[in-house]
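Student: I am new to this structure and should be grateful for a close look at a single part. Would you please take me through the place where protein and DNA meet?

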Amino acid sequence: MSAQYPLVLVDASGYLFRAYHAAPKLINSHGEPTGAVIGVLQMLQKLLDDYQPDYLGIVFDAGGKNFRHALFPAYKAQRPPLPNDLRAQFAPLRAAIEAQGWPLIIVPDVEADDVIGTLATQAAAAGIATLIVSGDKDMAQLVGDQVHLLDTMKNRLLDAAGVTETFGVPPERIADYLALRGDSSDNISGVSGCGEKTALEWLRKYGDLNGVIAHAHAIPRKVGENLRAALPQLPLLRQLTTIQCDVALNRCPTDLRPTAPNVAALRAVFERLESRHLLKRLVLLNLDLLAPAAPPPPRIAYDLILTPEQFETWLARLTAAELFAIDTETTGLDVMTAELVGVSFAVAPKQAAYIPLAHRYFDAPAQLNRATVLAQLQPLLEDPNRAKVGQNLKFDFNILARYGITLRGIAHDTLLTSYVLDSTATSHGMDALAKKYLDYATIHFEDVAGKGAKQITFDQVTVETAGQYAAEDADITLRLQQTLWPRVQAIPALARLYRELELPLIPVLARMERTGVKIDSHSLAQHSHELAQRLAALELNAHETAGRSFNLASPKQIGMILFEELGLPVVRKTPKGEPSTAEDVLEQLAAEHPLPRLILDHRSLAKLKSTYTDALPKLVNASSGRLHTSYHQAVTATGRLSSSDPNLQNIPIRTEDGRRIRRAFIAAPGFQLVSADYSQIELRIMAHLSGDERLLAAFGSGLDVHRATAAEILQLPLESVTTEQRRAAKAINFGLMYGMSAFGLAQQIGCNKRDAAEYMERYFERYVGVKEFMERIRQEARANGYVETLFGRRLHLIEINHSNQSRRAAAERMAINAPMQGTAADIIKRAMLAVNQWIESEQPPVQMLLQVHDELVFEIANDAVTTASAHIRIAMETAAELTVPLVVDIGHGNNWDEAH
DNA sequence: CTGCCGACGTAC
DNA sequence: GACGTACGTCGGCAGT
């Protein structure tokens with residue numbers, strides 16, 4: 001199939017000018033202007049996508065003088081000099097066009113118009129349909145049967161009829177027309193007093209320029225006089241406005257076939273331009289070709305293991321190695337369903353191999369049998385004395401577990417090494433670590449498998465490509481370990497934290513993930529149904545109240561109704577400057593109008609439905625019949641775990657509907673759910689870290705700490721503290737741990753700022769140790785650039801000395817919070833290890849299912865609940881020795897709500 | 001249609 | 001500007 005226009009000729013100088021004025025004035029990080037180049041490249045790309053020509057000419061003006069200047073010294077004389085920031089963009093544009101393989105034409109002393117005219121004429125003679133792309137109206141004269149014009153200014157495609165319609169004259173009269181009316185952009189004046197209208201009228205009356213000249217004597221009034229005065233000039237003007245179609249060129253249209261792009265060169269140009277858009281497209285179009293920018297990567301020759309002999313050799317190497325890296329490749333990221341596709345190993349830098357086991361694509365080579373290979377590897381993988389390193393081994397652990405292998409001898413995990421070194425790093429992913437610590441550009445997963453809709457599963461990747469990728473992963477993991485571990489070792493507390501807490505936690509978390517939790521999908525479905533009805537009723541009511549229909553889930557539309565149509569006051573704005581419709585704002589507005597309350601109710605129910613009652617049943621694993629979360633050990637800045645897919649750390653609890661969702665988390669028949677949660681652990685840690693006498697005393701004597709705080713601040717006896725007073729004290733206690741200000745406290749407890757400030761003052765008078773502790777933490781953060789937990793985990797605070805007040809204040813709040821939140825995280829991790837130790841040694845009918853920051857949830861056989869609970873309590877309460885007791889509340893029941 | 005971001009809301 | 005740590009859903013928008 002041939003393109004509609006086999007030849008496309010682009011007036012590139014015009015494109016560049018247009019882009020320069022239309023596109024944003026971008027500047028890259030080197031201070032170079034880039035907007036016009038990027039704009040032109042995007043327009044060209046779009047054009048070629050649209051027309052897909054066989055031949056292509058990107059034509060630039062050569063600059064310098066041409067025949068028109070010789071005829072008419074004033075030609076284009078009024079043009080201001082090129083702005084420097086436009087001039088600077090010619091070179092990168094040329095480089096990009098050449099790298100694209102697009103034929104670029106610049107003829108010395110010839111204007112782009114004449115080059116285009118000549119090529120179009122030659123093409124027409126050869127029967128090749130041509131599209132001229134230009135915003136210059138001169139070009140209209142070239143239009144004919146075979147030649148059409150894409151007017152980039154108006155984005156219209158013009159044939160001869162279109163030209164007549166647009167300009168009022170056919171293509172062959174365009175030059176006459178321009179000669180008469182002039183062309184200010186070229187400094188051609190034409191006939192004084194003769195504009196568009198007059199020129200068209202004359203041409204209509206007398207046919208062409210010669211006709212006008214012949215009848216010049218008959219034209220009345222001043223304009224007639226002007227015409228007669230200009231008569232000697234008109235042939236010259238006609239020459240200037242006529243495009244030359246016979247200039248000497250060293251190329252003909254059929255020479256203009258685009259060639260293959262030079263991807264590396266293109267990438268270099270695009271990177272310099274810092275255009276994510278262009279780079280992204282380049283990546284998409286060149287998945288296989290894409291290599292990092294200069295210098296080209298020296299790819300290492302890794303082993304691809306396809307025969308038993310090769311495997312034997314590598315098995316011996318692994319057995320002999322003091323430490324080896326392992327990495328599994330699978331069909332997906334869900335450890336409950338992903339299939340093992342291959343496994344890679346590294347025994348020393350650059351010495352790595354990939355064993356493809358289950359690649360399935362047309363023509364895939366015969367591979368070693370997965371079961372056989374795994375059986376041979378099993379003794380090695382399960383031997384605790386054979387040291388292994390990996391990147392996020394919890395994943396590999398879970399995958400191997402599904403094939404009956406218990407990975408032991410986990411000596412290192414580079415994900416966790418990176419995390420303990422700097423929990424605030426933007427990424428602990430292998431690609432980022434390789435770049436950061438080894439200055440090595442890894443092959444990315446997207447490079448081999450694509451992404452988005454085009455993504456394929458790893459078993460579809462060719463074994464050769466997969467081998468390069470997978471073996472490199474093992475190689476880099478090993479090298480990262482060699483670089484990272486000494487850095488951790490240099491800080492003994494971090495080394496302990498890593499070896500004694502984080503690494504041993506891997507199999508514990510892996511087990512919890514694979515165990516999952518039983519869900520009563522039926523009750524959730526029933527709940528969803530009810531919620532749908534209540535939501536519909538609220539929606540109807542809200543629309544009636546508002547007087548029109550709108551999307552209750554759209555803060556933007558809500559804002560329109562509340563603040564524009566109903567004229568309610570804007571309480572607060574979002575960081576982006578839009579009126580906020582957040583919960584506390586609507587709560588205030590509810591006093592003035594019934595609609596905000598309806599929105600609030602709708603929001604809370606919609607949240608429960610979409611996030612929980614609808615979503616959770618869909619995520620139940622088909623084979624286990626249970627819900628499996630993923631725990632992330634290297635995400636939070638403070639050392640907490642996080643949970644996703646689904647997040648089981650934010651299951652509702654506060655409202656009745658929320659608790660009903662918790663009731664859908666159930667125990668298997670014959671079992672109970674047991675929930676054990678630390679009572680006030682962060683406040684206890686604050687007491688311990690601060691050594692504050694009164695706080696220590698309150699916890700030491702087992703008082704209700706919030707009540708005690710209220711009594712202290714208000715100087716009341718404990719028993720006369722009201723519920724309201726206790727609530728305020730609780731808000732202070734929590735607020736303190738978050739570094740809250742008087743303003744924040746006032747907002748929280750609904751009092752004025754002065755009262756809040758007075759409460760806080762009174763608090764710090766009574767709890768002097770806490771006040772001193774907070775100041776000490778700020779000092780420590782400023783001096784060290786980090787703060788520590790009780791166990792030496794560090795949180796780096798690079799903005800603690802920031803010049804911007806609010807940035808610095810934010811860092812100070814993190815400094816205050818992190819030691820408490822982080823110590824609590826350390827303690828519950830220690831408890832999890834202790835409980836796991838007990839489970840492994842005693843083999844009680846107990847499974848640890850969930851961790852929710854200060855709570856552990858277990859599934860325990862009915863008759864073991866009491867004794868197991870006692871063991872769990874001891875393990876948790878003795879997980880750390882503080883100057884206050886750690887207290888654990890334990891409950892049990894058929895579901896998670898009852899267990900509380 | 002896909003991907004990204006901001007707003008919002010759930011938990012501790 | 002103002003309360004720390006997370007994750008998921010939605011709307012809206014840009015780009016495909």
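Tutor: A phosphate oxygen of DNA strand C is 2.3 Å from an N or O atom in the side chain of Arg813; such a pair is a polar contact, defined as N or O atoms within 3.5 Å, where within protein one must be able to donate a hydrogen and the other to accept it, and residues adjacent in sequence count only if both atoms are side-chain atoms. The model is predicted, so local features need pLDDT of at least 70 and side-chain atom pairs count only at pLDDT 80 or more, while totals for chains, interfaces and linings use all residues. Residues are numbered from 1 along each chain as its sequence is written, chains are lettered from A and ligands numbered from 1 in the order in which they are written, and side-chain values use heavy atoms, with hydrogens and water left out.

Two further contacts reach a phosphate oxygen of DNA strand C. The side chain of Lys556 places an N or O atom 2.6 Å from a phosphate oxygen of the strand. In the case of Gly744, a polar backbone atom is 3.4 Å from a phosphate oxygen.

The wider surroundings of DNA strand C comprise 32 residues, of which His277, Ser554, Ser741, Gln748 and Arg813 come nearest; a residue is near a molecule or strand if one of its heavy atoms lies within 4 Å of it. Of the atoms of DNA strand C that come within 4 Å of the protein, 71% belong to sugar and phosphate.

By character, the residues of this surface are eight nonpolar, 19 polar and five charged. Here Ala, Val, Leu, Ile, Met, Phe, Trp, Tyr, Cys and Pro count as nonpolar, Asp, Glu, Lys and Arg as charged, and the others, Gly among them, as polar.

Several elements each supply at least two residues of the surface near DNA strand C: helix H24 (555-565), helix H26 (594-613), strand E16 (642-644), helix H33 (742-749) and helix H36 (805-842). Helices (H or I, at least four residues) and strands (E, at least two) are DSSP runs, numbered from the N terminus. H36 gives the most, with four residues.

Elsewhere in the protein, helix H34 (residues 753-766) and helix H35 (residues 768-784) pack at an angle of about 100°, with their axes 4 Å apart. Axes are lines fitted to C-alpha atoms, for helices over the stretch in contact, and angles run from 0 to 180 degrees between N-to-C directions.
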